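Open your viewer and get ready to make a few selections. We will go from one stop to the next, picking out residues and seeing what lies around them.

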Amino acid sequence: MRHIRHIGLTLAVGLVVTGLIGGAVVVAQERASAPAPAERTSVVQPAAAKKPALRLSATPRSVTRDAAVTFRIRTSTKHPRPVRLQRWDPARKVWRTVAKRTVRATTTIRLKPAVGTFSYRAQAPRVRHKTGGTLHTHPAAKSTTVKVTARDVPRTVPSRPATLTADEKALLADVRAARTTYARADVRSARDLGAEACLTAYARDHSRWMATTKRAVDPGATAHRAATRALPAASCPGRTVQAVTHAIGVAGTTAAAVDLAVDAWLASPYGETGRLLSACHRAPAFEYGVATLASGGTRYLTVLVSSDTSATTKSGAC
């Protein structure tokens, strides 16, 4: 009986083990035959482009000498913040500040760039603002660089000697004597090309216009601009021109009136001395336009001192 019980127990255990093994095989087969699940993919949306904190634009990018360029600066903040317009100095390899503004959203700056191609940028330092009791900080910012080119004006009107009246010859002689006595050494050593036809024609026309206004008005002055009159450098392109004018009574001789006018220019606190003596410029040669006109008891004198723009540089004295 004990032997029979052992056989029954052994059979029962064998059946259980066989069932477990068979079930595991079936499950494995089902998993192997089941289709693989589709791969999960995730789409990442690109982050919105962040606007630069400081933007700079220039209009136009290419100009002639003495023409103005408009720089527009935009900030991403609505709070006022100090901004510097800077120009790259290739000789010193530094950024030089040429203008400063306190900017809220946007501002414009007008400049006359020097001849050549230069890079400009806008730069704003770190600044803190308090709004509603909350203090927040705007980090320092720089714009991308903008290149501006200024070209020399081509000289379209060639130099021609002018034919002067006796009064104009006396005026030119006094101007030359003053420059020989009081101008810098490099100005005195420059070639004297004498009176030039285009410049003298402009000087005569300007003296006639001053007679209609009954006062001395320098080219480029407020009254001159208001009358929409052309500047000497526009009428005689390719030249750097400095002008002085005077209105004086005609009592006495012409020579006396001319002497008084030249003395007044040399003693002037309004920059006429520097313009007469070319204090702000260096050039290898100078030429002149002169005019003297008597009208209504007053003598109107105009003197233009000119040099070729392509050969003229700043003296560093101004």
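Start inside the protein: the largest cavity holds about 40 Å³ of space. On a 1 Å grid over the protein atoms alone, a cavity is a set of points where a 1.4 Å probe fits but cannot get out, and its volume is the space filled by probe spheres set on the points, which are joined across faces, edges and corners. This is a predicted model, where local features need pLDDT of at least 70 and side-chain atom pairs count only at pLDDT 80 or more, while totals for chains, interfaces and linings use all residues. Residues are numbered from 1 along each chain as its sequence is written, and side-chain values use heavy atoms, without hydrogens and water.

Now select the lining, meaning residues with an atom within 4 Å of a point: Thr240, Gln242, Ser278, His281, Phe286, Val305, Ser306 and Ser307. Strand 13 and strand 16 (298-308) are the elements that give two or more residues here, and strand 16 gives the most, with three. Strands (E, at least two residues) and helices (H or I, at least four) are DSSP runs numbered from the N terminus.

Next, look for the largest pocket, with a volume of about 940 Å³. A pocket is an open set of points with protein on both sides within 12 Å along at least five of seven lines. Which residues should you select to find its centre? Of the 27 that line this pocket, Asp66, Lys112, Leu231, Ala233 and Val241 are the closest to the centre. Colour helix 6 (232-235), strand 13 (239-249) and strand 17 (313-314) as well, since each supplies at least two lining residues. Strand 13 gives the most to this lining, with five residues.

For the last stop, show strands 1, 3 and 6, which form an open antiparallel sheet in the order 1-3-6. Two strands pair if DSSP finds at least two bridges between them. At the edges are strand 1 (54-59) and strand 6 (106-111), each pairing on one side only. Strand 3 (residues 69-75) pairs with strand 1 over six bridges, and six bridges also join strand 3 to strand 6.

To follow the pairing, select Thr70 in strand 3: Thr59 is its bridge partner, and Arg110 in strand 6 stands opposite Thr70 too. Then select Leu56, whose bridge partner in strand 3 is Ile73.
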